[in-house]
Amino acid sequence: MITLVMTGQQIHNVLEDAIDFYLNPSGSWGAYPRASGLRFDVNEAEEKGMRVSNLEINPQLEGTWGPIDLTDSYTVITNNFIATPRDGYNEFGNIPDELKVDTFLEYAQAFIDYAYDVKILEPVPQDRASTQNWSNTLPTPAPSPSPTASPTASTPF
């Protein structure tokens with residue numbers, strides 16, 4: 001596991017990268033981002049950079065959900081594979097090395113240890129799921145008003 005210090009904008013960027021890779025026919029469905037303490041909406045019909053909206057955080061799930069501040073810094077933990085960057089998580093490659101710390105924890109073992117500690121694994125409640133809403137539609141443009149003819153001297157009333 002690797003910890004990284006990232007801005008809110010970089011977190012948004014890495015989510016956009018991962019979703020783009022997931023949607024790419026030569027990408028991988030395994031790249032779809034899942035996180036704890038982070039939730040968002042996705043519209044796959046939008047262009048890359050605009051697909052993720054309503055990005056919210058609740059660090060360590062101890063408080064309330066609130067919008068991520070794109071200029072604040074946050075500590076993120078992920079596995080070594082995608083942090084290198086792989087599986088479409090390209091933004092991780094833009095994080096300076098001095099903002100990355102290898103914890104030397106194997107993520108599978110960390111999960112096993114967690115499962116032993118909690119004894120029973122429960123499904124993630126919907127309000128804590130990473131993806132809150134998914135769509136594949138663009139907003140319909142409002143109809144243009146019909147032009148109206150203005151009466152002129154040559155136009156009879």
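How far apart are the end C-alpha atoms of helix α1 (residues 8-23), and what span should its 16 residues have at 1.5 Å a residue? In this predicted model, the end C-alpha atoms of α1 are 23 Å apart, which agrees with the 22 Å that the 16 residues should span.

**Helix α1 and its surroundings**

Several residues of α1 are buried, namely G8, Q10, I11, H12, V14, L15, E16, D17, A18 and I19. The cover over these buried residues includes the strands β1 (2-7), β2 (38-43), β3 and β5 (73-78).

**The sheet**

Strands of a sheet pair through backbone hydrogen bonds, and this pairing may be either parallel or antiparallel. Here an open sheet of 3 strands is found, with the order β5-β1-β6 and antiparallel pairing. Its edge strands are β5 and β6, each of which pairs on one side only, and from one strand to the next the twist averages 20°. Between β1 and β6, which run antiparallel, there are 3 bridges, and I2 has D102 in β6 as its bridge partner. Helix α1 packs on this sheet, where it touches β1 and β5, and the direction of the helix makes about 110° with that of β1.

**Backbone features to inspect**

Two residues that are not glycines have a positive phi, N54 with about 50° and K119 with about 70°. N54 lies in strand β3 (residues 52-57), whereas K119 is placed in the loop between α3 (107-118) and β7 (131-135). Are these residues buried or exposed? With a relative accessible area of 52%, N54 is exposed, because the cut-off for that class is over 50%; K119, at 68% relative accessibility, likewise counts as exposed. The table sets out the values for the two residues.

| Residue | Phi | Relative accessible area |
|---|---|---|
| N54 | about 50° | 52% |
| K119 | about 70° | 68% |

A further backbone feature concerns a proline: the peptide bond from T84 to P85 is cis, with omega near -15°. P85 itself is found in the loop between α2 (80-83) and β6 (100-102), and β6 is also an edge strand of the sheet described above.

**Summary**

Taken together, the predicted model shows α1 packing on the sheet through β1 and β5, with β2 and β3 also among the elements that cover its buried residues. The backbone features described are the positive phi of N54, the positive phi of K119 and the cis peptide bond from T84 to P85.

Terms used:
Residues numbered from 1 in each chain as written. Predicted model: local features only at pLDDT ≥ 70, side-chain atom pairs only at ≥ 80, totals over all residues. Heavy atoms only, no water. Helix = DSSP H or I, 4+ residues; strand = E, 2+ residues; numbered from the N terminus. Buried < 20%, exposed > 50% of the residue type's maximum accessible area, 1.4 Å probe, protein only. Expected span 1.5 Å × (residues − 1). Contact = heavy atoms within 4.5 Å. Pairing = 2+ DSSP bridges. Axes fitted to C-alpha atoms, helices over the stretch in contact; angles between N-to-C directions.
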